[in-house]
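Here are a few exercises to work through with the coordinates open beside you. Try each task before you read its solution.

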Amino acid sequence: MKRFLLLFSIIFSGLLFSQTQLNLIPYPQKVEFLKGEFIIPENFKLNQNLPINETDYLKKRLNFLKFNYSRKEENPDLTYLVFPPNDLKNKKKSERYNLTVSSDGITIQSASDQGYFLALQTLIQLFEEYKDSGKIPAMKIEDSPKFAWRGMHLDVCRHFFTVEEVKQYIDYLAMYKLNTFHWHLTDDQGWRIEIKKYPKLTQIGSKRKESMIGAYVDDTFDGKPYGPYFYTQDQIKEVVKYAAERHITVVPEIEMPGHALAALSAYPELACTKGPFESATKWGVFDDVFCPKEETFTFLQNVLDEVIKLFPSQYIHIGADECPKTRWKECAHCQELIKKNNLKDEHGLQSYFIQRIEKYLNSKGRKIIGWDEILEGGLAPNAAVMSWTGIKGGTEAAKSGHFAVMTPGSYCYFDHYQGDLQTEPNAFGGFTPLEKVYSYNPIPSELNAEQSKYILGVQANLWTEYILDFKQVQYMIFPRLFALSEVGWGTSNPENYKEFENRVVEHFKIFDKMNINYAKSIYNISGKVIPSKNGVSYELSTSQNPNGIKYTIDGSEPKSNSATYQNPIPVSKAMTVKSAYFENGVLKSAVSCQDFKTSKTTGKTITLEHQPSENYSFGGAFTLVDGIIGNVKQLGKTWLGFQGKDVLATIDLGEKTQFSEVYFNTLDNKGSWIHFAKSATISISDDGKNFTTIKEIGKDEILKAKGKINLKVGNQSAKFIKIKIENAGIIPTGNPGADSKAWLFVDEIGAQ
């Protein structure tokens, strides 16, 4: 009997350890729990042979945690061993480490100081997790990242951040094992890096007369001069050194040939026209770009010479995105250059421009990386692609043997909304909650194993049009940076999202102590419209106890004695659902509000011939029949966006249904390349095959209605409604984004 109890005890103990879940982010590749535990001593003894720089970093973190430490040669608590020599040309191998915790102490093994530093991040998180209990379970962690490029971007052009704030940003990357800082230093709204050969870049280009405020569609400005703001070369060196000490590579971005207004304000002779120019006060894309003439290339090469001396990174980011061809089409020099070099068109001229810059940087021992428009007219021979408009650019690059970093806007743009749009601060648009970031797989499914090797990794971007200070930077990146970290490390598992969310909540406790302003969106109520028998229902959820959700359907504010949410709320008529989370009768979340307008199409089956663009596809086709009218200031959850495509939607009403009007909304925001529909056609059918047109309207009627279309179609009876909403097509000259495909945004399609 005793033998049986002993065996049971051993098995039970093993099960207990195997079920232990650490709060580490990113979660390691392999964790094996061992017998015993390490008692955290009052004075943590460090071996004398520990790498100095990285151990100094550890001391600073231990100081914050209020741990005492000392260097000790005999019986140290932390020992470091070096792996046998291996091929350190492979960056992922240099980041590999083992961390063993036993009752005798903690041992770290790695092949490099970088691996040791990454192991320290894990160790620090273990200290944070087990500080209160005073003991860490014995374990062995074997760990290495899946991707060599794990990056975060920061735009300092739209709004500027101090050297100390940039250092804080780098610290956040280090804490979660990211290894690349993409520093966006030049754009239309400001030039932020000192170039000694061209002092007017910072004297003139680092300031603007005012800034846009509020939502883009409001078109309002603050009337306040902004700048001059820039980093001196000494400050740049300071940041690069600081990052290197944390094993983070700083990749600078110098935009070309577009996004050049700040530079042209200082040196107008580099444009196709005489100017004058000024740094942009609005957000968006502008027609005036660098002219591909010899003095421009001389200027850019001189700029890059100084940039290269400041940044030791292998890659220099040259932008290459959103370059309108309007000025080039009208420029005699550009047209002559196209003929002289047998280029196909202005897209070919962009490729010529990029290839000249690449050839120059290659001659200096560097490589270029650019946004996926770098593919226009043909990819430069050695260029890498940063795929932002979706996954297509990265996929094309990998298939052609070029390296790519995946950063699609729909998953990796942290300037998007991350929670209930009505309770979140003003953001650029889109909807990218924590769960969506965590679900991302950087390897496109259509790549085979060999092609997948060209996917360097993943990066998230933070554009700062609507981010006025560093507290807001913190709010926008956290907690989404946690998800990015685990995706880049290769241990994310979307099926276990709730488990990941639990770890996130534990890290919030650390951030509270660090006074970091993270978003609490996961505490708020999330609402999701789902099909139901009689139309749609509204499903509410929270990361907390679901029994704490209280709601109303009459527009009144929810209180502790309001209805408790138990099942999806039926939506059979126009109503306003308000919800909030309460704990012990106390309101703990923001109040979420959702208005519904129902019609005979609400909840019905809908199919689309063309799918929306990834960035604006939340909810898919069902978004067009979910009973929610889109908010013109927030293009995230309630609109579908189509670039260069028509909306061709067929709605199955289920049975012959009578109706006399059809409605939908479309948007006009030319600064963001969004144009009203060109036309709309309504057709009906009883069999879903043979359709009869019952109404057509053109551009003039859509303009007159300001995009809010409500069509009287007479008394109709049909089982199917088909609607074609025609995209404006190619943006005409004189508009932002000229010669590019226009965006068409559509929300609810209803029938009454």
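The exercises below deal with a predicted model.

**Exercise 1. Find which strands form the closed barrel, and in what sense they pair.**

Step 1. General background comes first: strands of a sheet pair through backbone hydrogen bonds, either parallel or antiparallel.

Step 2. Follow the barrel around: its eight strands come in the order β8-β9-β14-β15-β16-β17-β18-β19, and the pairing is parallel. From one strand to the next, the twist averages 30°.

Step 3. Zoom in on one pair. β8 (residues 149–155) and β9 (residues 180–184) are joined by five bridges in the parallel sense. One point to check is G151, whose bridge partner in β9 is T180.

Step 4. Add the helix: α5 (residues 163–175) lies across β8 and β9, at about 150° to β9.

**Exercise 2. Decide whether E465 is buried or exposed, and list what it touches beyond its sequence neighbours.**

Step 1. Locate E465 in the loop between β19 (455–460) and α17 (470–477).

Step 2. Apply the cut-off: a residue is buried under 20% relative accessible area. E465 has 7% relative accessibility, so it counts as buried.

Step 3. Leave out neighbours within four places in sequence; E465 is then in contact with R158, H159, W283 and F428.

**Exercise 3. Test whether the length of α19 agrees with its number of residues.**

Step 1. Helix α19 covers residues 497–514, which is 18 residues.

Step 2. The expected span is 1.5 Å times one less than the number of residues, so α19 should span 26 Å.

Step 3. Compare with the model: the end C-alpha atoms of α19 are 25 Å apart, which agrees.

Step 4. Look at what is hidden. The buried residues of α19 include F500, V504, H507 and F511. An α-helix has 3.6 residues a turn, so residues three or four places apart point the same way. Among the elements covering the buried residues of α19 are α4 (113–130), α5, α15 (434–438) and α18 (480–489).

Step 5. Continue past the helix end: just after α19, N515 takes a positive phi of about 60°.

**Exercise 4. Work out how many cavities of 30 Å³ or more there are, and what lines the largest.**

Step 1. A search of the whole structure gives four such cavities.

Step 2. The largest cavity has a volume of about 50 Å³. Its lining has 13 residues, and F117, L118, L178, R246 and H247 lie nearest its centre.

Step 3. Assign the lining to elements: α4 and α5 each supply at least two residues, and the largest share, three residues, comes from α4.

Notes:
Residues numbered from 1 in each chain as written. Predicted model: local features only at pLDDT ≥ 70, side-chain atom pairs only at ≥ 80, totals over all residues. Heavy atoms only, no water. Pairing = 2+ DSSP bridges. Helix = DSSP H or I, 4+ residues; strand = E, 2+ residues; numbered from the N terminus. Axes fitted to C-alpha atoms, helices over the stretch in contact; angles between N-to-C directions. Contact = heavy atoms within 4.5 Å. Buried < 20%, exposed > 50% of the residue type's maximum accessible area, 1.4 Å probe, protein only. 1 Å grid on protein atoms, 1.4 Å probe; cavity = no way out; pocket = protein on both sides within 12 Å on 5 of 7 lines; lining within 4 Å. Points joined across faces, edges and corners; volume = space filled by probe spheres on them.
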